[in-house]
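This report covers the nonpolar cores, some backbone features and the chain contacts of the structure below.

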Amino acid sequence: MLEVHDVSFSYDNENMILDSVNLQIRRGEITVITGPTGSGKSTLALVLAGFIPRVIEGTFTGSLLIDDENVEKELISGIAHKVALVQQDPESQISTLLVSDEVAFGPENYSVVPFEIRKRVEVALNAVESSHLANRPTYALSGGEKQRVAIASMLAGKPDFLLLDEPSASLDPKGIQQLQKTLLGLKNSGYGILCIEHRLETILPIADRVLQLSKGKISKWSGKTSSARTTPVERFRLPDSAKPLLVAKGASYSYGTINAVRDVTLSVYPGEIVALMGDNGSGKSTLISLLAGLLHSTGGTTYIDCVPSTEMTAQDVAARVAVVFQNPNHQIFERTVQREQYLVFDVLDSLDEVPSERPEGVLLAAGLANLKERNPFSLSHGQKRRLNVSSVTVHEPLVYLFDEPFIGQDEIGRNFITQSIRKRGESGGAAILVTHDSAVATTLCNRIIFMERGSVLLDGSPKIVLDRLGEIGYGEYADFGAMS
Amino acid sequence: MLHRLNPSLKLAGLIIITTAILIYPSWRFSGLLLLLTIFGFKASNVPLDVSKRRIRFLMTFSALLFAFQVLMTVNGTILFFVIPKYDFMGPFLPVTDFGIEKGFEMSLRFLLVVFSSMLFVSVTDPTLLAHSLTRLRIPYRYSFALVIALRFLPLFDIENKTVRMAQRSRGISTSVRGMSKILRTIRYTFFPLLVSALSRVDALSLSMDGRGFGHSRTRTYLRKSSWTAIDSSVLVLLSMLLLASILLALGFLPQISAII
């Protein structure tokens, strides 16, 4: 059994992140901890894995016990032998270039003999059903594959307990099903598993018990999902005579020999809020970049507001289209939140014509009004994401293109982003958002475009598309929607 | 072909080549080594695609280096003037034989250093490099720093593209409009990349610590580098190259230095 006794922790000696927490994780059991962002879930995982207080500084009291033995004096490498932590972002945890090297990394550090390492690599990759990846370069894996490799590389160290921090964050429904299967398999072979999860519905079916962490305290989970869903929207589409805001005619794009988008034809009209769905690697992000005029179609054409995007300057596009990319750090450029918010007016040479209340109003709605002088890079992930949305929509461009905007967002963030998208639709604009969450698709959107291997597979109203998905073997998309 | 050589030998080769042309900075010598490098690309089936933007950028940059040297060097025998004498004006900007030689020297040396590094990265397996460096009694903590740097290169490449795309989507064009705009674009690229890199450092170090990195002074390796007779002979050749550059620089080989 892995347990913490009366653990309190503070990074700065002022704000208590954990406050007298007691928790036990048993072998052969899947424990899930949920709670709002900033509630200390990841911090608790760092305590359980021994990184606090050994590697990460702060004020720590309490004790960590493995099989009733206080491990206070153990080094981190000693604890790591028994407890393994898979962190949130699999990309940053991979330290070598080849999958089999990555899985071998742990045992190599513990000076296991090569013969035994080879066996362990095989077994670990097998456990996550990824034996076929052994000789692949790590940078060419998909998000789900990276995560399975990250889990395998921990299993190869033969720990007893496995802690996973938001394992489903960037997985598509198929990936989530696979993850559930993997975790169940591990549980049955005796691992004690702890999952920290925001999207509870993804892990609930396999959980043995669910706990809630809020304000530094652990309690039993109250049993209802935190995000109160709103009623489905009507299709506020304008008359058919309206001109399309975005058009793709036979749009295609390839990276080297891989065809990411093939021959996509579609139009998006004022009032439409489109959920762009599909498995990881089906070409959703590339299609967004094509529609935003950021990539030029290798065949076919894309039009923004009826003008071919190849004939538009970067400024023309920015005035009409707002794009939010996946990683918030890649799209913050200025030194203060305030300047970031005004950047687009500066670029478009329209600083004199800034509508007086708009920029401040949006910052207020985003909950960032009191952070105006802060360096945006010092904000939390959720705040950065809200700043991204706020700074690209401040000049009210016609179309919003958001790539997975809700990842890692708590209620405030979800509400702010939902509201901005909804308003844009109601006021004659349009929005496309990439999402794996069919609950979002049914409540916020009035159209789903579903992609498969670079092509549009289905396109229509959410209910019809989800029903059809169930019929053609993509049932997991409909299931996860129903669950939440 | 180069893939199979011992990784440490390849690293030594890279260092020896770049030192040799510093010791004996003749443009013919650089050119010769550059030809060898290009042959290395061909022999190991690494594409050196001139139509690729990066290669084109390097070629353009080396051409600029050449032009700059030629125009800035005034001593030597004047061959012609860029702006000829017209009436009572001029002539301006003399081009001299020494200037041309200097120009070739700079631009070829630049291309050699960049291309040989590119070749090294493409034909070297970082994990094997780490192992072979440990064999040379270099602590694995240091050799793994190299592995990680090489591991994150492809990622930074992708991230760089994303940041540029994010810039364009905000209307920030990369066109050259005055020094302040260029500086701004550099800042807009540099900071997002730096922050993104730093945010990965914590996760990476936890993940390595969490798998026992640094547990003991030695570690085992699943894949090991090997040293063959071919490696030994290449090492001899490389040493001869280094020796030759020193002898040439000291003027001990007047017959050869007259040619290269």
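Strands, like helices, are DSSP runs numbered from the N terminus, and a strand has at least two residues. The model described here is predicted.

**Backbone features**

Strand E2 of chain A, residues 18-25, contains Ser20(A). Ser20(A) is not a glycine, yet its phi is positive, at about 50 degrees. A residue is partly exposed when its count of C-beta neighbours falls between the limits of 12 or fewer for exposed and 20 or more for buried; Ser20(A) has 14 such neighbours inside 10 Å, so it counts as partly exposed.

Asp68(A) lies in the loop between strand E4 (59-66) and strand E5 (69-70) of chain A. With 7 C-beta neighbours inside 10 Å, Asp68(A) is classed as exposed. Its phi is also positive, near 65 degrees, and Asp68(A) is not a glycine either.

The positive phi values are listed here.

| Residue | Phi | Place |
|---|---|---|
| Ser20(A) | about 50 degrees | strand E2 (residues 18-25) of chain A |
| Asp68(A) | near 65 degrees | loop between strand E4 (59-66) and strand E5 (69-70) of chain A |
| Ser111(A) | near 55 degrees | follows H5(A) |

A cis peptide bond, with omega about 5 degrees, joins Ile52(A) to Pro53(A). Pro53(A) belongs to helix H2 (residues 51-54) of chain A.

**Nonpolar cores**

The largest nonpolar core has 79 residues; those touching the most other members are Val274(A), Ala275(A), Leu276(A), Leu401(A) and Ala431(A). Beyond its neighbours within four places in sequence, Ala431(A) contacts Ile273(A), Val274(A), Val399(A), Tyr400(A), Phe402(A), Ile421(A), Arg424(A) and Gly425(A). A second, separate core holds 67 residues, including Leu46(A), Val112(A), Leu155(A) and Leu171(A).

**Contact between chains A and B**

Chain A has 55 residues in contact with 44 residues of chain B. Elements of chain A giving two or more residues to this side include helix H3 (76-80), strand E6 (83-86), helix H5 (99-109) and helix H6 (114-127). H5(A) gives the most, with 6 residues. By class, the side of chain A that touches chain B has 32 nonpolar, 19 polar and 4 charged residues.

Is H5(A) enclosed or open? Buried residues make up 11 of its 11, so H5(A) is largely enclosed by the rest of the structure. Among them are Val99(A), Asp101(A), Glu102(A), Phe105(A) and Glu108(A). The buried residues of H5(A) pack against H6 and helix H7 (143-155) of chain A, together with helix H5 (126-135) of chain B.

Terms used. Residues numbered from 1 in each chain as written. Chains lettered and ligands numbered in written order. Predicted model: local features only at pLDDT ≥ 70, side-chain atom pairs only at ≥ 80, totals over all residues. Core = buried A, V, L, I, M, F, W, Y, C linked by C-beta atoms within 7 Å. Contact = placed C-beta atoms within 7 Å. Helix = DSSP H or I, 4+ residues; strand = E, 2+ residues; numbered from the N terminus. Nonpolar A, V, L, I, M, F, W, Y, C, P; charged D, E, K, R; others polar.
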